[in-house]
Amino acid sequence: MAMSSSAPAFHQGPEPVRLDYLVRQTEGMWKIIDVFLNGNISQLAARRSEYSALVREGGAAALVEMLRKEDCRA
């Protein structure tokens, strides 16, 4: 069973940004399984598309390199 939940809107520039979460109970704990930006842009789908294109163009090594670069920025 999955449920949705919302976070209060916050401001990123002139327009408020709303985040909605899709959560699922697994082993007695609620876990976020997707995040929707402004109620309709699935971050899971966006990442899946981004990663698929990267792997298609440069293989797994390209994906690993990109993830390492993102990890260094965090």
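A salt bridge here is a side-chain nitrogen of Lys or Arg within 4 Å of a carboxyl oxygen of Asp or Glu. With that in hand, welcome to this predicted model, which holds four salt bridges.

**The chain as a whole**

The fold is made of one helix and six strands, and along the sequence the elements run β-β-β-β-β-β-α. Of the 74 residues, 11% are buried. Among contacts with a separation of 6 or more, 4% link residues 24 or more positions apart. The accessible surface is about 5,800 Å², and carbon and sulfur atoms contribute 57% of that area.

**Salt bridges**

Three of the bridges, with their N to O distances, are listed here.

| Pair | N to O distance |
|---|---|
| Asp20 and Arg18 | 2.5 Å |
| Arg47 and Glu70 | 3.2 Å |
| Lys69 and Glu65 | 3.2 Å |

Let's start with Asp20, which sits in strand E4 (residues 19-26). Asp20 counts as buried because its relative accessible area is 9%, under the 20% cut-off. Its partner Arg18 is partly exposed at 39%. The side chains of Asp20 and Arg18 also share a polar contact of 2.5 Å.

Turning to the next pair, Arg47 is partly exposed at 35% relative accessibility, and Glu70 is partly exposed as well, at 25%.

Lys69 and Glu65 both belong to helix H1 (residues 43-73), and because they are four residues apart there, about one helical turn separates them. Lys69 has a relative accessibility of 48% and Glu65 one of 44%; Lys69 is partly exposed, and so is Glu65. Elsewhere, salt bridges with shared partners tie Arg47, Glu50 and Glu70 into one network.

Key. Residues numbered from 1 in each chain as written. Predicted model: local features only at pLDDT ≥ 70, side-chain atom pairs only at ≥ 80, totals over all residues. Heavy atoms only, no water. Helix = DSSP H or I, 4+ residues; strand = E, 2+ residues; numbered from the N terminus. Buried < 20%, exposed > 50% of the residue type's maximum accessible area, 1.4 Å probe, protein only. Contact = heavy atoms within 4.5 Å. Areas by Shrake-Rupley, 256 points an atom, 1.4 Å probe, with all protein chains shown as cover. Polar contact = N/O pair within 3.5 Å; in protein donor to acceptor, adjacent residues only side chain to side chain.
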